[in-house]
Each structure stands twice: as structure tokens, then as C-alpha cells.
Amino acid sequence: MRYLFALFVALVLNACANLLMKVGMKPVEAAGGLFKDGVSTAAKTVLTSAPLLVGLACFALNAGFYMYALQSKSLKISIAYPIMVGGGFVLIALVARLHPSLAERLTWGQIAGVGLVLIGIVLIAAQQEAGA
């Protein structure tokens, strides 16, 4: 159970990292792009942006929790990876739609796709429970 919890934490951290990167890059894009003035300026931009730094920290923590989950003898990579990636996809789509600074629109096709991914995650997770 603790490995599944670690997998869930990794999923949430990965989604948070991606969302923070998107939010952090909005002002950078508006100013002309990350590498507009070279690599050193890009590094300074990243190191002085709270959303980008927190996003990078979330990626690092994600890796730690994911590696912890993968050490489980009963949690197969063929189950863990689709849960983390698919779950992250669903979470990101929902937050990107609801977060005021992102406010992304989802088409009916995208909503159906998110629903199918969610169904797939449930089916994959059920196989983990049956095999554990």
C-alpha cells in the first residue's frame, strides 16, 4: 500500500511540476522566449522564477517518490508507468481547464479522450489489485 501511495504522490508531483512550468513560462514567452538572449540569461530567468524553481523541485521529488514506488516487488512497471502518466494527463487537463491563469478550453473530443484515459487507468489499477 505504501508503494501505491508513493506512486500517487509521484503522479501529483509530476502534474504540479508541469503545471508550474507552464505558468512560469507565460511571462518568459511574453518577453520573447527563454533563449532569446542566450543560455546564461535563460539560466538566470529560471533561477529567479519561483514557479519554475518550484516546478523543478517537484520534478526532483517526483523522481524520488517514483523510484521508491518502483522498488516494490508487486508493483509492475507495466502498471505503474501508465497509472502515473495517464493520471498526470487527467489531472493536468482538469487543472489547466479550471486554473484562472491557464483557463484552457477542452473540446468534446478532448473530454471524451480524458474520460477514456481515466477508464484505462481504472482498468490498469484493478489489475494491480488483482495481482497483488
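**Exercise 1. Find which residue forms a salt bridge with D37, and state how far apart the closest N and O atoms are.**

Solution. D37 forms a salt bridge with K36, and their closest N and O atoms are 3.9 Å apart. The term is used for a side-chain nitrogen of Lys or Arg within 4 Å of a carboxyl oxygen of Asp or Glu. By this rule the count comes to one salt bridge. As a next step, consider the surroundings of the pair: D37 is exposed, and K36 is exposed as well, where buried means under 20% relative accessible area, exposed over 50%, and partly exposed in between, with a 1.4 Å probe and protein chains only. In general, side chains of opposite charge can pair when their charged atoms come close.

The model is predicted, so that local features need pLDDT of at least 70 and side-chain atom pairs count only at pLDDT 80 or more, while totals for chains, interfaces and linings use all residues. Residues are numbered from 1 along each chain as its sequence is written, and side-chain values use heavy atoms, with hydrogens and water left out.

**Exercise 2. Describe the secondary structure of the protein and the span of its C-alpha trace.**

Solution. Begin with the elements: the protein has five helices and zero strands, and along the sequence they follow the pattern α-α-α-α-α. Helices (H or I, at least four residues) and strands (E, at least two) are DSSP runs, numbered from the N terminus. Then turn to the span, which along the principal axes of the C-alpha trace is about 55 × 35 × 20 Å. Finally, look at burial, for which 27% of the 132 residues count as buried.

**Exercise 3. Work out which elements give two or more residues to the largest nonpolar core, and which gives the most.**

Solution. A nonpolar core is a set of buried Ala, Val, Leu, Ile, Met, Phe, Trp, Tyr and Cys residues joined through side-chain atoms within 4.5 Å. The largest one has 15 residues, of which L7, Y66, A69, L75, A80, I83 and M84 touch the most other members. Two or more residues come from each of α1 (2–30), α3 (50–70), α4 (77–98) and α5 (108–131), and α4 gives the most, with six residues. To see one member in detail, take L7, which, leaving aside neighbours within four places in sequence, is in contact with Y66, A69, L75, A80, I83 and M84; contact means heavy atoms within 4.5 Å.

**Exercise 4. Decide whether L53 is buried, partly exposed or exposed, and name the residues that it touches beyond four places in sequence.**

Solution. First locate L53, which lies in helix α3. Because its relative accessibility is 34%, L53 counts as partly exposed. Not counting residues up to four places away in sequence, L53 touches V46 and L47. As a last step, compare sequence and space: L53 and A17 are 36 residues apart along the chain, and their C-alpha atoms are separated by 9.3 Å.

**Exercise 5. Explain what is notable about the phi of A103, and say where this residue is found.**

Solution. Start from the general rule that most residues other than glycine have a negative phi. A103 has a positive phi of about 40° although it is not a glycine. This residue is placed in the loop between α4 and α5, and because its relative accessible area is 43%, A103 is partly exposed. T107 is also found in the loop between α4 and α5, and at 46% relative accessibility T107 counts as partly exposed.
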